[in-house]
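The exercises below ask you to read a protein model step by step, with a worked solution after each task. Try each task on your own before you go on to its solution.

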Amino acid sequence: MLLIYTHKITPRFTYTMKQVFTRILGIEVSFTTKVEDFIKHTGAKITYTKKPLQNEFFVRSNDLLFEQGINDFDIKISEWEGVPCFFGAGEGSTVPFDIFSASFYLISRYEEYLPYVKDYHGRFPPKESLAYRHVFLQSPVVDIWAYKLLEVLKDRFPDMEHKGRSYSYTSVIDVNTSHAFAHRGFVRTISGLFYDLGSLRWGRVVERIKVLVYPKKDPYDNFTFLIELHKKCAVKSLFFFQFATYSTYDKNVSPNSNKFRFLIKSIADYSKVALATSYSSFNNFDVLKKEKKRLSGVINRDIDTCRMRYNRTDLPDTYRTLIEAGFSDDYTMGYTHEPGFRAGTCTPFYFYDMNLEIQQPIRIHPFTFHDYAFTNVGGEDAILKRTDTLYQEIKKVNGSLVSVFSNELLGSNHKVDWKALYATVLDKYNS
């Protein structure tokens, strides 16, 4: 048992210590504000406050974990043995920066509570992030810091016990449009045909007619391929289906389509099915609840996991709404067009509500990369070079790699063979 002495135990302090020590490092931890309890403890122990008591393992604390509310920090980046870090601790601290405040800053998405200019869809732009601006977005620094801290602790306390964790890979399949042309009803089919004709999109006109007239499979219908590939690779997968009414940004097959419902049921026999929430539900709780209930009714199981359309989040409101709607897990934390670690970590974590100063009961699974981040990168080799770098970073800390692929991109005509690339990703990273 690792004992941590501090001058004040706060929700931020407890949340951070459990994430770093328990969830990342597998170390049992307890806390005390009593000097006498700390002194008589014979096992591994840390002082986390402004001044050390004696000559113990000491991390000089920043004020962040003992404050309430949001402050705009003047953050200066330094390095810890080549790894970017911030909140320097000065001389006397065993670790040269406040590793716990820095970890909390990234995992809580502290910077997303500060003023920023939203993008077209109301999202936090990656270029606004500390990690992007200081070129460590592609490193899970929170996990790297934790493992470096473990090394230093083991040097000081060789008998300290911890449970190691194993690397894991999860494949997320986004199904916001299950079919390009099929199962869309007479009105939408005719409207789409005339739109393609008016836009002189002759390739789509020909492909649409082939799908409707001849027994040609819809280009987005990759589900048999995906299921067979997942079986072959024994991969953990999640299919996120949008189950929404048609709107400007929600253009999937109607949830009333029996063929669409049968597809979802058949997928649920082989993989976990979750909800890809609609654009329309982002600010409409009733719509969100309706989509969740209807999808649950199709597979006859509760839906507890979701992804937000276009990876939109507005902290803390988005996660409060998801909790109220009955979701326990979310796979939205990442940037659509920038691979890397939006929250600085490759470890699932619970959402910390900065305004209420509590840990909320929804677990966030950060994804590592989205296929749309690589549409303009180049060929398959160039894409794999970038994903390989991310994979190696995660393997070093035995973290979790989550990839997001869209059945639309897998079925699109592109200079990259996305199906072949996806098969390579499973082969390389699912081990």
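A salt bridge is counted here when a side-chain nitrogen of Lys or Arg lies within 4 Å of a carboxyl oxygen of Asp or Glu. Please keep in mind throughout that the model is predicted.

**Exercise 1.** Decide whether the side chains of Lys292 and Asp302 meet in a salt bridge, and describe where the two partners sit.

Solution. Step one is the distance: from N to O the side chains of Lys292 and Asp302 are 3.3 Å apart, and the pair is a salt bridge. Step two is the position, for Lys292 belongs to helix 10 (residues 285-299), while Asp302 is found in the loop between helix 10 and strand 10 (305-307), 10 residues apart. Step three is the surroundings: Lys292 has a relative accessibility of 10% and counts as buried, because buried means under 20%. Asp302, with a relative accessible area of 56%, is exposed, because exposed means over 50%.

**Exercise 2.** Find which parts of the chain are tied together by the salt bridge of Asp329 and Arg363.

Solution. Begin with the contact itself, in which the closest N and O atoms of Asp329 and Arg363 are 3.0 Å apart. Asp329 lies in strand 11 and Arg363 in strand 13 (residues 358-364), so the salt bridge ties together parts that are 34 residues apart in sequence. As for accessibility, Asp329 is buried at 9% relative accessible area, whereas Arg363, at 34%, is partly exposed.

**Exercise 3.** How many salt bridges does the rule give, and which parts of the chain does the pair of Glu112 and Arg342 tie together?

Solution. The count by this rule comes to 19 salt bridges. In one of them, Glu112 pairs with Arg342, and the closest N and O atoms are 3.0 Å apart. Glu112 is placed in the loop between helix 3 (99-107) and helix 4 (130-133), and Arg342 in the loop between strand 11 (329-330) and strand 12 (349-353), so this pair ties together parts that are 230 residues apart in sequence. Both partners count as buried, since Glu112 has a relative accessible area of 5% and Arg342 a relative accessibility of 4%.

**Exercise 4.** Describe the chain as a whole, beginning with its helices and strands.

Solution. First, the chain has 14 helices and 15 strands. Its radius of gyration is 24 Å, close to the 22 Å that the globule rule gives for 431 residues, so the chain is as compact as a globular protein of that length. Along the principal axes, the C-alpha atoms fill a box of roughly 80 × 45 × 40 Å. Next, 55% of the 431 residues count as buried, and the accessible surface of about 19200 Å² belongs to carbon and sulfur atoms for 50% of its area. Finally, consider the charges: there are 56 positive and 49 negative side chains, and the centres of these two sets lie 5 Å apart.

**Exercise 5.** Is Ser266 buried, partly exposed or exposed, and what separates its C-alpha atom from that of Thr32?

Solution. Ser266 is found in helix 9 (residues 258-268). With a relative accessibility of 24%, Ser266 counts as partly exposed. Ser266 and Thr32 are 234 residues apart along the chain, and their C-alpha atoms are separated by 53 Å.

Notes: Residues are numbered from 1 along each chain as its sequence is written. This is a predicted model: local features need pLDDT of at least 70, side-chain atom pairs count only at pLDDT 80 or more; totals for chains, interfaces and linings use all residues. Side-chain values use heavy atoms; hydrogens and water are left out. Helices (H or I, at least four residues) and strands (E, at least two) are DSSP runs, numbered from the N terminus. Buried means under 20% relative accessible area, exposed over 50%, partly exposed in between (1.4 Å probe, protein chains only). The radius of gyration is taken over C-alpha atoms; the globule rule is 2.2 Å times the number of residues to the power 0.38. Accessible areas come from the Shrake-Rupley method with a 1.4 Å probe; for residues, only the protein chains shown count as cover. Lys and Arg count as positive and Asp and Glu as negative; His and the chain ends are not counted. The place of a charge is taken as NZ of Lys, CZ of Arg, CG of Asp or CD of Glu.
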